[in-house]
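Hi,

Here is the structure I said I would pass on to you. Have it open while you read, and click on the residues as they come up.

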Amino acid sequence: MLLAVSKRHTAERIRALHTLGQRSFGENYVQEALAKQATLQGLDIEWHFIGPLQSNKTREAAEHFDWVQSTDRKKILRRLSAQRPAGMPELNVCIQVNIDREPQKAGALPEDTAALARFARDLPGLNLRGLMAIPKVATETHDPGDSYRRMHGLFAAMLDAGIEMDTLSMGMSADLESAILHGSTLVRIGTDLLGPRPAGDGD
Ligand SMILES: *Cc1c(COP(=O)(O)O)cnc(C)c1O
């Protein structure tokens, strides 16, 4: 599946892609997303939250998104579960994995991921869908394909252990081919679909 990452792009750019048939959009900042959702009210869009999620933003995420791909700790999962409104379908969640153990990056460590996934699976209001990763950027000594291979290994081991999931979210504009080669089921594409992002506060 193709997720169009629309962070920092306008609601009108989203509307234009929607007209071409794209239905799933990913956003990184809660307030920015809520403003666009208000502008685009009535369009059949599946909204994915893919940015770092602070606990003071979980209520808005639980109320306004179909998916949260960037959960990485119990506190966030517990809050999303408690705050998902009763009348809405379950919130689809992925566990974000810090596959390259980068200190500055969000995500659960690989060895903690299965326990966190089981925790999410057992919470009401949440539907555990899978794993998400943002690998270390490519350098002369690091091939993101290696990170994707390890992600796929973790995903397969968790399936073998009886944790039901159907989504392995990995791959961005720079490396989607490699991600798909290593078993991605959902690529998150911004630049290659919408062009360079207008300047903002980092990614
Ligand atoms: C911005 C972003 C993307 C898209 O990146 P591109 O390189 O523009 O395709 C994908 N995933 C996450 C989590 C992002 O923050």
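Below is what I found, going from the ligand to a few helices and then to some single residues. One thing to keep in mind is that this is a predicted model.

**The ligand**

Start with the ligand and its surroundings. Which residues surround the ligand? The list is V5, K7, N28, I50, I134, M172, S173, R188, I189, G190, T191 and R197. Sorted by class, that shell holds five nonpolar, four polar and three charged residues.

Three side chains are worth clicking on here. The side chain of S173 has an N or O atom 2.5 Å from an oxygen atom of the ligand. For R188, an N or O atom of the side chain is 2.8 Å from a nitrogen atom of the ligand. R197 also takes part, with a side-chain N or O atom 2.8 Å from an oxygen atom of the ligand. How much of the ligand does the protein bury? On its own the ligand would expose 390 Å², and the protein buries 91% of that.

While you are there, have a look at T191, one of the residues around the ligand. T191 sits in helix α8, which covers residues 191-194. Is T191 buried or exposed? Its relative accessibility is 35%, so T191 counts as partly exposed. Leaving out residues up to four places away in sequence, T191 touches S173, P196 and R197. Two of the ligand's polar partners turn up again there: S173 and R197.

**Helix α6**

Next, find helix α6, residues 144-160. You can check its length yourself: at 1.5 Å a residue, its 17 residues should span 24 Å, and the C-alpha atoms at its ends are indeed 24 Å apart, so the two agree.

At the start of α6, a side-chain oxygen of D143 comes within 2.8 Å of the backbone nitrogen of G145. Just after the helix, G162 has a positive phi of about 90°.

Which residues of α6 are buried? They are P144, G145, S147, Y148, M151, L154, F155 and M158. If you look at the spacing, remember that an α-helix has 3.6 residues a turn, so residues three or four places apart point the same way. The buried residues of α6 pack against strands β5 (91-97), β6 (126-133) and β7 (167-169), and against helices α5 (110-121) and α7 (176-181).

**Helix α4**

Helix α4 runs over residues 74-83, and its buried residues are I76, L77, L80, S81 and Q83. They pack against α3 (58-64), β4 (67-71), β5, α5 and β6.

**Two buried residues in strands**

T167 belongs to strand β7. With a relative accessible area of 4%, T167 is buried. Its side chain makes a polar contact of 2.7 Å with that of D166. Away from its sequence neighbours, T167 touches W67, C94, R129, G130, L131, F155, T185 and L186.

M132 is in strand β6. M132 counts as buried because its relative accessibility is 1%. Beyond four places in sequence, its contacts include I50, C94, M151 and R188. Of these, M151 is a buried residue of α6, while I50 and R188 are among the residues around the ligand. Another α6 residue to try is F155: its C-alpha atom is 9.9 Å from that of M132, and the two are 23 residues apart along the chain.

Happy clicking!

Terms used:
Residues numbered from 1 in each chain as written. Predicted model: local features only at pLDDT ≥ 70, side-chain atom pairs only at ≥ 80, totals over all residues. Heavy atoms only, no water. Near = heavy atom within 4 Å. Polar contact = N/O pair within 3.5 Å; in protein donor to acceptor, adjacent residues only side chain to side chain. Areas by Shrake-Rupley, 256 points an atom, 1.4 Å probe, with all protein chains shown as cover. Nonpolar A, V, L, I, M, F, W, Y, C, P; charged D, E, K, R; others polar. Helix = DSSP H or I, 4+ residues; strand = E, 2+ residues; numbered from the N terminus. Expected span 1.5 Å × (residues − 1). Buried < 20%, exposed > 50% of the residue type's maximum accessible area, 1.4 Å probe, protein only. Contact = heavy atoms within 4.5 Å.
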